[in-house]
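Q: Hey, I'm new to this one. Can you walk me through it?
A: Sure, here it is.

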Amino acid sequence: MERKVLEYIRRNGLLVSDNPVLVALSGGADSVALLRVLLSLGYSCVVAHCNFHLRGEESQRDELFVRDLCKRMQVTCHVESFDTEGYAEKHALSIEMAARDLRYAFFRRLMKELDIPVVAVAHHRSDQAETVLLNLLRGSGIHGLRGMKPGNNRVVRPLLDCSKQEILQYLADLGQDYVTDSSNLSIEPQRNKIRLEIVPLLETINPQAVSAINRSAEYLLQAEKLLKSSVSAELRHYRIDDNSFRREMVKSEYGSLLLHEWLNSKGFHSALLDQVLSVAKSDATGKYIRSASHTLWIDRNKLICVENETETDMPNWTISRFPVGEISLNRDSSEAWLDAAKVCLPLIQRKVVAGDRFVPLGMKGSKLVSDYMTDRKFSPLQKQRQTVLVDAKDRIVWLVGQRIDDRFKCCEQTKEVIRIKIN
């Protein structure tokens, strides 16, 4: 099986031998086989394990197994625990979809932190057949009927050309143990119902049903490539930049198809796409819809989609003190000059919150920051990203990159100044 996997990796350009690969390891047969194969082929692996806390003691058992296996194989292991049920309830998702969103958000974060280009997951031929059937029932069109790609959006599937039987035989030949997820033995969720009932029924009609479905998916993948060129040309007509498209796109004859092409890889599943389409076709503006990884802003004349930010995404800044004689008249928006005697240190940077007020430089009375941004026609995205610097008394001293508060400006009595600079 190792030779088969290596040929598949090379044929589809999935991995580069000199680059590390993040391996999603649940502890089940498929992911354990994936790790063992990649290690045997000489790839440098780092493991990511998700504990969704959905199966009580079994979840803990799986985590312990993964940790022990990684220790024996001398592989670095990163484990993350999730309140999956809480996340599902908060975002009105099924448990399966919630787990998927949490899993891939965790993978993206690790890849960013560790500078790893791809994550390898253990989908195989039976998984592909189940995906095609599930997507057929969801009415997902050609994108769903072609199933999973060998590699897509930094996710690679080196075992996609292997059967379940090959995987189990490989592990048996190695004498490698693995854990069994008892949820796979029930008929819930929908995928397991397809796995345990629908596929066996299809195999009574055609014993090679899984292979036939995979073959159809491969043909549809080729057909999709032809369709993609036409869709890409249509998208270019509405494209503004890497993150935004003209809002009129949703009212075109192919609006739903174009949205799917743009947003499907950004965590917007069918229900969210329907919501986007409904709101974007209305007269609403300033609305946003969030997936696990991205936020779509519906502005006046355009749709803007950006990756969700964390506190670590806020601008870094430095603070320096100078005698008043060294004050600069430079009006660079990346700098703010303040009267040191008027500021109560330390300074803290945070996002704008409802009710924030400041006195814009040159004005006498205070103004809501939200009104200030609206008056200057900030887009919803700009409002969401805007930060402020507040002093120890929680007074806004600088609307970062925009305007300082008039109360902290330098004057004739200033003896020492503070310079704050965005790096």
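Q: Which residues of H4 meet which in H5?
A: Thr84, Glu85, Tyr87 and Ala88 in H4 meet Ile95, Ala98, Ala99, Asp101 and Leu102 in H5. Contact here means heavy atoms within 4.5 Å. The helices are DSSP runs (H or I, at least four residues), the strands too (E, at least two), numbered from the N terminus.

Q: And how does that contact split by class?
A: There are 6 nonpolar, 1 polar and 2 charged residues in the contact of H4 with H5. Ala, Val, Leu, Ile, Met, Phe, Trp, Tyr, Cys and Pro count as nonpolar, Asp, Glu, Lys and Arg as charged, and the others, Gly among them, as polar.

Q: At what angle do the axes of H4 and H5 cross?
A: Roughly 105°, and the axes come within 9 Å. H4 and H5 are therefore roughly perpendicular to each other. The cut-offs are under 35 degrees for roughly parallel, over 145 for roughly antiparallel, 65 to 115 for roughly perpendicular, and oblique for the rest.

Q: Hang on, is this from an experiment or predicted?
A: It's a predicted model, where local features need pLDDT of at least 70, side-chain atom pairs count only at pLDDT 80 or more, and totals for chains, interfaces and linings use all residues. Residues are numbered from 1 along each chain as its sequence is written, and side-chain values use heavy atoms, with hydrogens and water left out.

Q: OK, what's the mean pLDDT of the chain?
A: The mean is 88, and 95% of the residues reach 70 or more; pLDDT is the predictor's confidence in each residue, from 0 to 100. Among the elements, strand E1 (residues 21–24) has the highest mean, 98, and helix H7 (residues 142–145) the lowest, 77.

Q: New topic: how many aromatic pairs are there?
A: A search of the whole structure finds 7. Rings of Phe, Tyr and Trp (its six-membered ring) pair if their centres lie within 6.5 Å; planes under 30 degrees apart count as stacked, over 60 as edge-to-face and the rest as tilted. One of them is Phe82 with Phe106, edge-to-face at 6.1 Å centre to centre and 75° between the planes.

Q: Where do Phe82 and Phe106 lie?
A: Phe82 is in the loop between strand E3 (77–81) and helix H4 (84–91), and Phe106 is in helix H5 (residues 95–114), so the pair ties together parts that are 24 residues apart in sequence.

Q: Is Phe106 buried or exposed?
A: Buried, with a relative accessible area of 3%. Buried means under 20% relative accessible area, exposed over 50%, partly exposed in between (1.4 Å probe, protein chains only).

Note on methods:
Axes fitted to C-alpha atoms, helices over the stretch in contact; angles between N-to-C directions.
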